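Please open the structure in your viewer and keep the selection panel at hand, as each stop on this tour begins with something to select.

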Amino acid sequence: MHKIISRYIFKEIAFSFIIILFVLTFVLLMGKILQIMDLIVNKGISIFTIAKLISFLLPAFMLFTVPIALLIAILIAMGRLSADNEITVLKASGVSLTQIYYPVAIASLITFIITIIVGYLLVPQSNFATKRLLFTIAQQNASIGIKEKVFNADFKGILLYAEKIPPKGDFMENVLISDNHIKGEQNTILAKKAYLVADADSMTVMLRLESGSIHSVSPDLKNYRKIDFKIYDINLDLSSAISGISENSKTSVEMTMGELLEKRRKPGLDKAAIRELAIEVHKKFSIPLSCIFFGLLALPLGIKSHRAVKSRGVAVAIIVVSIYYLLRIGGEAFVETGHLSPEVGVWTPNIIFALLGIYLFYMADREISLLHMLKVSFWQKFRTN
């Protein structure tokens, strides 16, 4: 009997969870749609490359959408059961709230495992893969965007003109460059040949010039300088070509747990860098555990009978998630500024929601209404006065 009830409740949660997870992921993806359309329309990037980019973005989205989808799914499922008086029937049949919580706990545990796998393994790899793919796109766009006898301003601080580009496009001939990427300096560079040289390891693209000269004039126009060269390299800034490109060195969100711990042990790191690494280490576990606490909190909040089950579930979920992530963002901000330790700043939201969930679960299990208790307390004080 209990197994049938558990499977029934679990299916109710699972169905809502899958739909909500898809909707939330799609909504987050829509936030990137303008950049994706720019890549397709203006940069000439293939659909296959765009599909790869989207697949790399999904794990980072899932790290947030999975706990939220679980919370909304439980609220909607429990709200529907309450609205149809099924919770009342189950309690009248001798099924306790603890037994009703069993399928909720299973769903919370499954999402916890999914989230910890995504956060621990997939997110760091996908974040770094996204960066490398953006570099490849920027590199391809750099070579595609340069046309002969056309001024090219795709690179920050560089205006490039090539008189001739062979059909294969391996190099450029008779190149003119206006270089003002160094503040206060304006250089004009002439070269017979130029090549684009990409380094995938350091994620840089250089313009290698051969047999040319650099002409510069002082700001007061009184001094002129000419430097001849055989080979001269200019680093190209691709950030204006493709937004989101950055240096090859991994940031904290692109590191696995092993890489985070290894970097923390390196000598010479400043306190701000150590705090940033510590935040990411604790987030590897605190975010997945939010699934457990959301499940514990959602059950007592969801078993309140209400006609507008879905709208109420979504509204309560928005409030709960907003409070949770405001506490998380605030805690991390205090950690980054050194006012709190990483343990306190990162884990405080989870502790608060765990205690609140246990309290509300106890109240619901004992069928004690918090509002009724407040009314009784108020009237007792009123009569006393």
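## The whole chain

With the whole protein chain selected as a surface, about 21,700 Å² is exposed, and carbon and sulfur atoms supply 64% of that area. The model is a predicted one. Switching to a cartoon, you will find 10 helices and five strands in the protein chain, and of its 385 residues 40% count as buried. If you display contacts between residues at least 6 apart in sequence, 64% of them join residues at least 24 apart.

## Helix α1

Next, select residues 2–30, which form helix α1 and include Ile19. The 29 residues of α1 should span 42 Å at 1.5 Å a residue, and this agrees with its end C-alpha atoms, which are 42 Å apart.

Colour the helix by burial, and ask which residues in α1 are buried. They are Ile5, Ser6, Ile9, Glu12, Ile13, Ser16, Phe17, Ile20, Leu21, Thr25 and Leu29. When following such a list along a helix, it helps to recall that an α-helix has 3.6 residues a turn, so residues three or four places apart point the same way.

Now select Phe15, Ile19, Phe22, Val23, Phe26, Val27 and Met30, which together make a nonpolar surface patch of about 710 Å². Within this patch, Ile19 is partly exposed, because its relative accessible area of 41% lies between the limits of 20% for buried and 50% for exposed.

## The aromatic rings

Show the side chains of the aromatic residues next; a search of the whole structure finds 10 aromatic pairs. Zoom in on Phe64 and Tyr325, whose ring centres are 5.9 Å apart and whose planes stand at 55°, so that the pair is tilted. This pair links distant parts of the chain, since Phe64 belongs to helix α3 (residues 47–83) and Tyr325 to helix α8 (residues 309–336), 261 residues apart.

Are the two partners buried or exposed? Phe64 is partly exposed, with a relative accessible area of 33%, while Tyr325 is buried, with a value of 14%. Tyr325 also pairs with Tyr324: the centres of these two rings are 5.1 Å apart and their planes are at 90°, so the arrangement is edge-to-face. Tyr324 is itself buried, with a relative accessible area of 1%.

To finish, extend the selection to Phe64, Phe294, Tyr324, Tyr325 and Phe353, which ring pairs link into a cluster.

Definitions and conventions. Residues numbered from 1 in each chain as written. Predicted model: local features only at pLDDT ≥ 70, side-chain atom pairs only at ≥ 80, totals over all residues. Heavy atoms only, no water. Helix = DSSP H or I, 4+ residues; strand = E, 2+ residues; numbered from the N terminus. Buried < 20%, exposed > 50% of the residue type's maximum accessible area, 1.4 Å probe, protein only. Contact = heavy atoms within 4.5 Å. Areas by Shrake-Rupley, 256 points an atom, 1.4 Å probe, with all protein chains shown as cover. Patch = residues over 30% accessible without salt bridge, like charges linked within 9 Å, V, L, I, M, F, W, Y side chains within 5 Å. Salt bridge = Lys/Arg side-chain N within 4 Å of Asp/Glu carboxyl O. Expected span 1.5 Å × (residues − 1). Phe/Tyr/Trp six-rings, centres within 6.5 Å; stacked < 30°, edge-to-face > 60°.
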